[in-house]
Amino acid sequence: MHASSFIALLAASAASASPLMARRPTATYAPAPNGMNPNASASSAGMGTGAPVATGLLGNPSATPNPVTPKGLVGELLTEDSTVTRFKAIKEDIAAGEISLVFDHNPAANPNVTAGAGGQVDLANQANFPVLTGLGISSATIFFQPCGLNTPHIHPRATEYFTLATKNKMKTGFVLENGETDEFTAELGIWQGTVFPQGSIHWQQNEDCTPAVGVAGLNSADPGASSIAQNFLRFTNGDVVDAALGFPAEINASNFAQFQNAIPAPLAKGVKECLVRCNIAH
């Protein structure tokens, strides 16, 4: 991606003003994927004039939180001599009530997840679902608000297969690596899926005015995630960022801190066209 296009994309994300450093918003739940909120107003600043939009995450608001993994348990499981002895230990831990054989992806079951203005990601990995220890897989459910954007990020240790599970339109894209920097894009409907290769920069954008849910499988029990804009622009030395972006006039020493603070947490409010069409303040 050219530097000018990259800066424009980041500026658009910052304008939505909302990975990981934001306060958790109060969770609300949508009644149905196609529900509309009759009380929504199009007169708020930054809103369009189309139909009202329902906000809130899909899921069971009364779900019981997943059990907290005892400290050191995963490390102990990793030292077992074989898969058989590891699962004998897992069976004992389940019987003792320390862990569960079921992971609940409902947002209410994951109160420690930091949500963004555009939704949240609930990931089952070996750290919070120890049954996965040593199995080489994990799973994430992504709950999108209307127009929600899972901002560009990478998984350093896993390839992801993403499936749209609701009746929405979802745009996705990934950039592989140096040497092949054309963006691969796809548009998904319900029960359609696509892939994001390990280490590739990728994103998902809910194009509809209703909440959406995606399900991802990853081929690592500890896939990791690194959010590109947030980790580069917020946590990298400012002089290095300035040089890497070619010393852009729009971002300089006088306004860099303000620009950093405006970068939204994932999931973020999405692209401006969708926000205007769906009457979402931005």
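This note goes through the disulfides of a predicted model, taking each link in turn and ending with the pairing.

1. How many disulfides does the whole structure hold? A search of the whole structure finds two, one joining Cys147 to Cys274 and the other joining Cys209 to Cys278. As general background, a disulfide is a covalent bond between the sulfur atoms of two cysteines.

2. In the link between Cys147 and Cys274, the S to S distance is 2.1 Å, and because the torsion about the S-S bond is about -85 degrees, this disulfide is left-handed. The pair ties together distant parts of the chain, 127 residues apart, with Cys147 lying in the loop between strand E2 (138-144) and strand E3 (148-154) and Cys274 lying in helix H7 (residues 272-277). Both Cys147 and Cys274 are buried.

3. In the link between Cys209 and Cys278, the S to S distance is 1.9 Å, and with -80 degrees about the S-S bond this link is left-handed. Here too the pair connects distant parts of the chain, 69 residues apart: Cys209 sits in the loop between strand E8 (201-206) and strand E9 (212-218), whereas Cys278 sits in the segment after H7.

4. Are Cys209 and Cys278 buried or exposed? Cys209 has a relative accessibility of 17% and therefore counts as buried, since the cut-off for buried is under 20% relative accessible area. Cys278, with a relative accessible area of 0%, is buried.

5. On the pairing, when the bonded cysteines of the chain are numbered in sequence order, the pattern reads 1-3, 2-4.

How values were computed:
Residues are numbered from 1 along each chain as its sequence is written. This is a predicted model: local features need pLDDT of at least 70, side-chain atom pairs count only at pLDDT 80 or more; totals for chains, interfaces and linings use all residues. Side-chain values use heavy atoms; hydrogens and water are left out. A disulfide is a pair of cysteine sulfur atoms within 2.5 Å. Helices (H or I, at least four residues) and strands (E, at least two) are DSSP runs, numbered from the N terminus. Buried means under 20% relative accessible area, exposed over 50%, partly exposed in between (1.4 Å probe, protein chains only).
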